[in-house]
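User: Please take a close look at one buried position in this model, and then set it against the rest of the fold. I would like the cut-offs behind each term spelled out.

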Amino acid sequence: MRSGRQNASGGIGVTALVSIGIGGMVGGGIFSVLGLTVQLAGAGAYLSFVVGGVVAALTGWSYALLSVRFRDRGGTATFLDRAFGTKVAGPLNLLLWLSYFVMLGLYAVAFGSYLAALLGLPASGEWRRVLGSAVVLVLAALNLARARVVGRAESLLVYFKLAVLLTFCVSGLAFIDTAQVAPSAFPSPGVIVYAGSLIFLGYEGFELIANASEDAREPQRTLPRAYLISIGSVIALYVLVAFVAVGNLTSQQIATGRDYALAVAAGPLLGHVGFTLIAIAAIVSTASAINATLYGTAKFTYLMARHGELPEHLGDPIWNRPIGGLLATTVGTLIIVNTVDIEGISLMGSAGFLIIFAAVNLAAARLPTAGRAARSTALAGAAVCVGSLATLTGYAAITAPRQLGILAGMLAAATVGELLIRLRGRTTIHPPTPDHRQAPE
């Protein structure tokens with residue numbers, strides 16, 4: 001493992017880090033849940049994206065503090081281990097790993113659905129699973145390359161995706177029906193807040209920057225900027241996309257084609273060409289998110305294994321890189337893609353990430369070097385995560401109680417897995433020295 005000083009002279013810069021963050025955020029989320037958000041919040045849908053963005057921005061501040069303090073390929077796992085110890089961090093890290101499987105599965109199925117529709121194949125049939133599995137395997141192979149190669153690939157994917165989405169937004173602004181986005185048409189504030197909690201799913205990928213922090217060049221400068229730029233850019237993009245979609249179509253029109261809301265919204269503006277462009281953007285976006293998530297979770301799994309929170313063989317470096325974790329994550333994702341119905345699970349996947357992010361905010365608040373303002377911001381981030389989680393679970397308890405069973409199953413699996421590891425005996429493999437994990441004061 002390389003030291004922070006070595007990383008300072010080379011590695012990933014701001015552009016590649018921002019690409020990883022945006023690639024993780026602007027993935028399947030905006031394409032798969034926009035329709036549901038508009039259906040719930042109507043004219044206020046774009047404000048719901050602001051609500052979700054506030055949760056992401058507060059949590060991103062905590063990630064920036066922790067990423068500079070502890071630069072390690074484990075990212076979130078390192079933060080939780082350092083703050084709470086393995087007894088608390090163990091099940092949380094297992095929950096995070098399971099949540100990544102769900103997210104990767106969601107992105108892969110969305111990729112398969114859009115590609116199947118573009119090719120004229122049944123988008124709801126087995127083709128989406130076949131194509132989703134194929135993209136996971138291809139991008140896992142890409143992630144066997146060095147970190148800088150991944151960063152360059154992310155840049156190409158992100159720029160193309162953003163160009164298509166911005167084309168949709170710019171072309172649609174001229175045709176906005178102001179009555180459809182006016183405050184008088186807003187639903188109650190509670191509905192807007194709930195929809196914002198739901199759309200948080202589209203923001204969760206920013207934490208992948210933390211997994212790349214060990215490879216960051218000039219980390220004290222590049223890491224905070226990367227979080228700020230990536231989260232701020234995605235908030236602006238999501239708000240603009242939702243504003244254009246709501247302003248050009250009624251909620252009923254978008255709800256009719258909820259799974260393809262952006263493609264439906266592009267139809268009146270750009271015709272069949274618009275549908276094709278949005279479908280291509282969806283394909284590139286989900287591929288980008290899979291790429292960034294695989295890159296981050298490979299490092300995350302490696303650290304967990306070396307700390308005894310997963311089987312120790314996953315911590316054995318191959319060619320001095322965490323390939324075992326990458327392969328394990330790939331296998332887990334393929335199982336999800338081919339055996340689980342992803343539809344509806346995204347709500348509980350978001351809940352899993354909110355639990356983890358609440359803990360990360362608390363970890364940042366416990367930093368001894370954090371000032372009063374930083375500590376207060378971190379505590380506010382924890383509070384909004386808990387509030388969003390309560391909103392999601394409360395809604396699910398009323399409308400879809402079986403989804404609570406999915407979350408309960410994930411929590412139970414994480415807890416039982418941690419207990420089994422303790423009973424077997426936790427094995428720590430060559431723990432990194434503090435100099436390799438902690439930023440210089």
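Analyst: S133 has a relative accessible area of 11% and therefore counts as buried, a class that takes values under 20%, with exposed meaning over 50% and partly exposed the range in between (1.4 Å probe, protein chains only). This is a predicted model, in which local features need pLDDT of at least 70 and side-chain atom pairs count only at pLDDT 80 or more, while totals for chains, interfaces and linings use all residues. Residues are numbered from 1 along each chain as its sequence is written, and side-chain values use heavy atoms, with hydrogens and water left out.

S133 lies in helix α7, residues 127-142, where helices are DSSP runs of H or I with at least four residues, strands are runs of E with at least two, and both are numbered from the N terminus. Once neighbours within four places in sequence are set aside, S133 is in contact with L334, V337 and N338, contact being heavy atoms within 4.5 Å.

As for the surroundings, the protein has 19 helices and zero strands, and buried residues account for 59% of its 441 residues. Of the contacts between residues at least 6 apart in sequence, 85% join residues at least 24 apart. C169 and C385 are buried too, because each has 1% relative accessibility, and the structure holds zero disulfides, a disulfide being a pair of cysteine sulfur atoms within 2.5 Å.

W61, in helix α4 (residues 45-69), is partly exposed because its relative accessibility is 40%. Beyond neighbours within four places in sequence, W61 is in contact with A374 and T377, and the C-alpha atoms of W61 and Y227 are 7.6 Å apart although 166 residues separate them along the chain.

One helix pair can be described in more detail. The axes of α2 (residues 14-25) and α12 (residues 219-248) come within 9 Å and cross at roughly 40 degrees; such axes are lines fitted to C-alpha atoms, for helices over the stretch in contact, and angles run from 0 to 180 degrees between N-to-C directions. The two helices are therefore oblique to each other, since under 35 degrees counts as roughly parallel, over 145 as roughly antiparallel, 65 to 115 as roughly perpendicular and the rest as oblique. On the α2 side, V14, L17, V18, G21, I22 and M25 take part, meeting α12 residues that include R221, L223, I229 and Y238.
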